[in-house]
Every structure is written in C-alpha cells, then in structure tokens.
Amino acid sequence: MSSSAVHEPCVLAIDQGTSATKCLLVSSRGTVLRKAAAPLDSRFPQPGWVEQDAEQIWQSVAQAARSCAEGLPPGSIVAVGLSTQRESAMLWDRNTGAPLSPLLGWQDQRTIPLARQLLAAGHGDLVRARSGLPLDPMFSALKASWLLTWYRDTYRHDPDDRVAFGTVDSFLLARLGVSPATEMHAIEAGNASRTQLMDTRQRCWDPDLLEIFGVPALLLPQITISGRIFGEVTTIAELAGCPVSGVLGDSHAALYAHGPSVPGVVKATYGTGTSVMSLVMADRPVDAQSIDPGIGLTLAWETDQPAYALEGNIRSTGATLAWLSRATEVPVARLAELANAVENPGIHIVPAFTGLGAPWWDTAVRGHISGLTFDTDLARLARAALESTAYQVADVVDAMARSGVTVSELVVDGGASANDVLMQFQADLCGVPVVRPPSVESSALGAAQLAAVVAGLPWQAASAHETADRFQPRLSGGSRADLMSRWHEAVAAAVGSARERRGGLQVGNEDIDPFAE
C-alpha cells in the first residue's frame, strides 16, 4: 500500500479485475491519495476453461479496501465506487453470500458446443438484435446455461429461490452487505447488458433470451441504474456505514473517466484483454444490426439517462506477454524491455489462445506464429507478442470507423498503456494520435467520479487532455497498409487452419470480413 495523510473527504474506488483487485483512495480533485492491491489467480482445469475462486475475489476486495482505509479519521470516506470485470458469472447462496460454483471467467470457452447448437437453430440474429452482442461464449448467458446444468448434476436438484446467478458486481454488492440491507439482489445496468440476457434498448431481462438460454427469471438480480445509493457497507469494519453510490463495468468506468458526456471519444483499455469503446451520439440511435458485425452495441451506464457505446472486445493482449512469461520463465517486465529494443521482429503472433474476439468472433481459431526462422530469438518473440496488441486494437478501430465513428484520436488506459514503444506503434497503426492521461488507472477513477457525483461531493478533476502524453502517427498511409496487410496474412492463416479443422459451423459470423476496407 502507498499511503499519505488524509485531511479531506474522499472516495474509495474498488477496481476488481481479472488478475488483481486494486483500491484507490481519491480526493474530490481526482488526486489519488492511497493505493493498495491484492493479486488473484486463475485456474485452467481443461483446455479452453478459465475459472476463478469467487471467495478469493471477495477476500482480495476486503484486503485491498482495508489497506486503503487503515487509520483514516472517521468520516473520511464519504462514498464507495465499484468497478468490476464483466461477463464473468457464477452462482451463490443469496442468504449467506457463499459461492455455489466457480466463477466462469469472461475468457472461458467451455460453452462452445451450446453456442453452436443455438446458432444452428437460427437464434443468432435475434440474440444480436435484442442484446446488441454476437452470440459468443464470452458473454454470461451461455455461462448461465452451463452453470445451471452443472448445478443440477452436482446438487441433484433444481436451483431454488435461495440460489442467485449474477456477475461480479452483483456478487460483491451482496458480500459488501449492501444488497441485503436494501433487500435486493441487484446488478448494475451496464453489467447486465453484458450478460446477453437483457434487451439493450428496453433495459430489462428479455423473456425470449431467457427462454433461448434456459435461464429462470427467479435466479436473476434486479437491474438498477449505475449511479444511486445502493446501500451501506456492513461487512468491512473500516468501511462500515460508507454508502456504495456508483457501480460500473471496468471498461465502462474507464470510458466514463475519459468524459461521460463526450460522444465520439474512442478509448482502449489494455488489460488481460482489451476493450475498445466509443460513446454513441444520443441524437443518433444505433441498433446492433446496422453496425459493423465485428463489434457490438452495449449499454455503457445509466444515470439520469442511458448512455450507449460501440465496443469491440479483444480476448488476449496483456495475457499474451503473460503466456510468454510462463513459457520462458522470464518476468513480464523483462520481456517488455527486450521487446522495446527490437524494431522489426519479422514474425507475427496471433494470440488466439481461446479463439478470436472482435472483429472476427471465431472461437475455433487457435494461437498461431508465422515467420519463424532460426534467428528468431526471445526478444523477437516478445516484440511480436507486444505488437499483436496494437494490431488487434487497430483492427477494432477500423471496424469502428466502418460503423460511422469519426476516429480523430485514441485515448488509452490500463497497464500496457504505460509502454511508450507500444503506444507509438499503436498511433502508427491507427493513423491517429494516441492520448495517454497522466493516470492509467481510469477504471478506478471512473468509478470514483460517479460515486462522488452521486454522493454530492464536488468533482473537480482537471481534463486529462491538459496534461496527457500524446503520440503522433509517424507512418505514411502506404507503410501502415503494408504492415496491416502482413498482419492480416497471419490472421488469415490462423483462421484458414481453424476452418480446415472445423469443417462445419463457426461460433460467430461467417459473413465477417475483418480485412474489409
């Protein structure tokens, strides 16, 4: 924990992610006063399966929150904001808060067979039209179907009214003691939109989607707006009585931090995977069927009115260097140093460890390395792993442009955005300036800002653009096109190999051409 004296009202932001839970103590000026973090593990019990221990997640939240709040004068924390990983889902006992299942991570692919069945039955178009999202194992609906079957097999009876299904935000509200205090099993609207069970426009659970995925309504939480007093924390002594007044999905929170009322801003949050998002103009309604099939429509948040965004989800970015680190037993930081020293690796890594997300949505593709020669060393592999992040983001940005978004700059946050070499390469590939705010902890800061506003605390954070780092594109259009063409050749080889193995129905959209201009 980093600490300092606190002499003003502040907000505690809890940022619960895939690899760690971070907590920031933030003043009303947007100044970070304290930080704490607790690492998390993931399990991979079978190929394509990704699980986490929900109890460990809760303990990491409690540990990081206590560290940030330790020794503060009473009344110092006036609000708590919550930012959470999205799509990951689980079952728990709504009476005790005890997990009844593992948390199925957003990267988990065990539901591919069910996805193929539903696509073959012709449900893909309806699912996308109602939810805004392609029918894909990333989202929570298929996880709910699998978990309910698993529950019946494990406990030998159907789930009853004590069983709760939900995402991480819903689970943490229950464990913080907030939901029981308000007699609610709650889920924030933006997180609900990522379940693929919500009608995105009506902002309610959709009966047809519940029937398609076989999810009983009685297990689901009540959808609630993002900014409200959810209740007071009762289960962490250091936060006792503090109201939770803002809840957002992590990528949504990052977008909120960059400007909650600035449509047209395109932001990329670099984490285990990467989310590329852009707010939709309020006076220009968009439906999921009218945008590029490689990206989706999501509800970013709901306060006094709903805010919608276009989004492309990339499955593996930071996870790619983490994989190389595990395989070589070289720390990620050292790999980044090696990568930064190489300008042209001569190879491409297509990091389809659990398939490809946006803009391909193909779960059958597996990781692919092209261009290997005898002089390929660890530094070149590290550089190719780093560059794969920028290439994937550039493809999603191009899909945004095809959907009518005017991309004038890319605002970035998350751990990998601190790498100057990667950010310069990102600007070169996208052909627009990359803007990096002074703090890359945008998810936590967005949750803090929303919580502060709802709690009535004046928020005076300066515009991130005033002190941001800017990376200007340096490549000509021809040079950029040449780099992207070679990347697309590598992706095409990976996709072609998968289709040869598959010989049948793809999970995703066969009409998607990710290389279309």
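Two strands pair if DSSP finds at least two bridges between them. Keep that rule in mind for the sheets. Helices and strands are DSSP runs numbered from the N terminus, with at least four residues (H or I) for a helix and at least two (E) for a strand.

Now the ground rules. This is a predicted model, where local features need pLDDT of at least 70, side-chain atom pairs count only at pLDDT 80 or more, and totals for chains, interfaces and linings use all residues. Residues are numbered from 1 along each chain as its sequence is written, and side-chain values use heavy atoms, leaving out hydrogens and water.

Let's start with one sheet. It is open, it has 6 strands, and its order is 3-2-1-5-14-13. The pairing is mixed. Which strands stand at the edges? Strand 3 (32-39) and strand 13 (231-232) do, and each pairs on one side only.

Go to the strand 13 end. Strand 13 and strand 14 run antiparallel, joined by 2 bridges. There, glycine 231 stands opposite valine 244 of strand 14.

Helices pack on this sheet too. Helix 1 touches strand 1, strand 2 (20-27), strand 3 and strand 5. Contact here means heavy atoms within 4.5 Å. The direction of helix 1 makes about 150° with that of strand 3. Helix 5 touches strand 1, strand 5 and strand 14. Its direction makes about 145° with that of strand 5. For these angles, axes are lines fitted to C-alpha atoms, for helices over the stretch in contact, and angles run from 0 to 180 degrees between N-to-C directions.

Next, strand 5, residues 77-84. On one side, 7 bridges join strand 5 to strand 1 (residues 10-16), and the two run parallel. Cysteine 10 stands opposite isoleucine 77. Strand 14 (residues 243-249) also runs parallel to strand 5, through 5 bridges. Here serine 83 faces leucine 248 as its opposite number. Why is strand 5 largely enclosed by the rest of the structure? Because 7 of its 8 residues are buried. Buried means under 20% relative accessible area, exposed is over 50%, and partly exposed is in between, with a 1.4 Å probe and protein chains only.

Back to the two helices. How do helix 1 and helix 5 meet? The axes of helix 1 (residues 54-69) and helix 5 (residues 168-175) come within 11 Å and cross at roughly 60°. The two are therefore oblique to each other. Under 35 degrees would be roughly parallel, over 145 roughly antiparallel, 65 to 115 roughly perpendicular, and the rest is oblique. Helix 1 contributes Ala54, Glu55, Ile57, Trp58 and Val61 to the contact, and helix 5 contributes Phe171, Leu172 and Arg175.

On to another sheet. This one is open as well, with 7 strands in the order 17-18-16-15-21-22-23 and mixed pairing. Strand 17 (296-302) and strand 23 (469-471) are at the edges with a single partner strand each, so one side of each has no neighbour in the sheet. On average, neighbouring strands of this sheet are turned by 30° against each other, direction ignored. Inside the order, strand 21 (residues 410-414) pairs with strand 22 (residues 434-436) in the parallel sense, over 2 bridges. Valine 411 has valine 435 as its bridge partner in strand 22.

Last stop: threonine 389. Where is threonine 389 found? In helix 12, residues 378-402. Threonine 389 counts as buried, because its relative accessibility is 5%. Leaving aside residues up to four places away in sequence, threonine 389 touches Tyr270, Thr317, Leu422 and Gln426.
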